[in-house]
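User: I am new to this structure and would like to know how its descriptions are justified. Please set each value against the rule behind it.

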Amino acid sequence: MNSEEEFYDAETGLESDDSCEVSFKDALVFDSKKVTDGSSATHENGVWERRKTLPAEMISRNNFSVWSILKKCIGMELSKIAMPVVFNEPLSFLQRISEYMEHTHLIHKACSLSDSIDRMQVVAAFAVSAVASQWERTGKPFNPLLGETYELIREDNGYRLISEQVSHHPPVSAFHAESLKQEFEFHGSIYPKLKFWGKSVEAEPKGTMTLELLKHKEAYTWTNPMCCVHNIILGKLWIEQYGTVEIVNHSTGDKCVLNFKPCGMFGKELHRVEGHIQDKSKKKRRVIYGKWTECMYSVDPKVYESYKKSDKKTAGETKKLKQEHSCEGEEADDMPEVQETVTVIPGSALLWRITPRPPHSAEMYNFTSFAMTLNELEPGMDRLLAPTDCRLRPDIRAMENGDIDAASVEKERLEEKQRASRRERSKDEEDWSNSFVIRNRGQQQQGIVESSSSPDCIQINKWFQQGTNPHTGMEDWLYTGGYFDRNYTDCPNIY
């Protein structure tokens, strides 16, 4: 076993590549002490323990049909379609974004590595882990209101995050996470385009993720894969992610290309991810493989190719005729049976393994342990949060508590309040625009030039501004700073 394999096995606690036992000591976010009633508690030493469950179980959707709403929307973009609250989960999309941070230990590990290829391996594992929480999460997060925010501070994991809804049409969410020790910054803006295709809803997460490792003066960028929820109308809901994810190290020229595979014939490729890392001379340095629902491994390209040739030969000798099966069924897109777990190629190094979900996850919207904590109000937190934080949204809080009627009423009230605010802003913008034209005509005669940008009072978002990503040259929303100074006197009243 070479030094690289020894390092990654030491990181995960594996004795060998074939072992199923793994230590999550470095990956777990929560205190190890148990709370007997499943609720939040404060230890005798004053350390807060985050909750392990939600206040109420998931609301049943058996008596509701989405077909009456979606039957006229085939091929359409769904961001403007109002959905019944029963099809939601009790989190805002801003909180769903924060789930990228569940496996932050991978970023810390990347910061500690001296070799750029080793760092790329771990960054690739982090990029995969960031979308792993979507597995079986078929509930729709609440659409954030314009100006809505979410903050997350995890001192035990060494980071803090702020996100904000910076645009309503189109819906754009921006986030910025930073190390408490100035080791890294992770930021991006996401424009989730949803389309209904008759039996499925496809989500295209437009937007670029940027990870900066400050010590190494490196910046990595990538976009997330496509996500598809099958059987919206009939059958059991199931999720797949597919598409090519290209991670670029803008400092070294290294690149990682990951292929999230669609389920394919017989469902053989369901959840599988394969790809490679190449240096700036385009030489393959490592092969990455695994499942986004389970784990990711790295292996030498020559070992990988040798194994694949051997595997194909063995498969050819033992091939049996199987009934053809496709993900596209006539009645429903039946989820293929999950194939055997990832077959580990000898000599592989484990990069990441998913944290097991709690045993009651299915009754709690299939939340991870991390997701269970995201809408929790810790003691005294409501006095520190910005008034726009989505923990304070009454519709999400009502749904979390199992009150579907109150959640529906509050959701409708907030949406109408947002529409009224939008009408008022449009009127203000029209009045300002007319005033600007009159002023500008007079000033042009005097040789005075005035900016045509809208006044600050019309802009609702406070913590991000539109700009250019310095690494990609593409349009992005960049954090302006100042949120954690706790000065929220001019925040909008959106709830």
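Analyst: The questions below concern a predicted model. The protein has ten helices and 20 strands.

User: Why are H4 and H5 called roughly antiparallel?

Analyst: Helix H4, residues 105-112, packs with helix H5, residues 116-129, at an angle of about 170 degrees. Angles over 145 degrees count as roughly antiparallel, and H4 and H5 are therefore described that way. Their axes lie 9 Å apart.

User: Which residues make the contact between H4 and H5?

Analyst: H4 contributes Leu106, Ile107, Lys109 and Ala110, while H5 contributes Arg119, Val122, Val123, Ala125, Phe126 and Ser129. Sorted by class, that contact holds seven nonpolar residues, one polar residue and two charged ones.

User: What makes E19 and E20 a pair of strands?

Analyst: Two strands pair if DSSP finds at least two bridges between them. Strand E19 (residues 464-468) and strand E20 (residues 475-479) have five bridges, in the antiparallel sense, so the pairing rule is met. One bridge joins glutamine 466 to tryptophan 477 of E20.

User: What lies between the strands of that hairpin?

Analyst: Six residues separate E19 from E20 in the hairpin, where glycine 473 has a positive phi near 75 degrees.

User: How much of the protein is buried, and what does that word require?

Analyst: A residue is buried if its relative accessible area is under 20%. Of the 495 residues in the protein, 50% are buried. The protein exposes about 24500 Å², with 50% of that area supplied by carbon and sulfur atoms.

Notes
Residues numbered from 1 in each chain as written. Predicted model: local features only at pLDDT ≥ 70, side-chain atom pairs only at ≥ 80, totals over all residues. Heavy atoms only, no water. Axes fitted to C-alpha atoms, helices over the stretch in contact; angles between N-to-C directions. Helix = DSSP H or I, 4+ residues; strand = E, 2+ residues; numbered from the N terminus. Parallel < 35°, antiparallel > 145°, perpendicular 65-115°, else oblique. Contact = heavy atoms within 4.5 Å. Nonpolar A, V, L, I, M, F, W, Y, C, P; charged D, E, K, R; others polar. Buried < 20%, exposed > 50% of the residue type's maximum accessible area, 1.4 Å probe, protein only. Areas by Shrake-Rupley, 256 points an atom, 1.4 Å probe, with all protein chains shown as cover.
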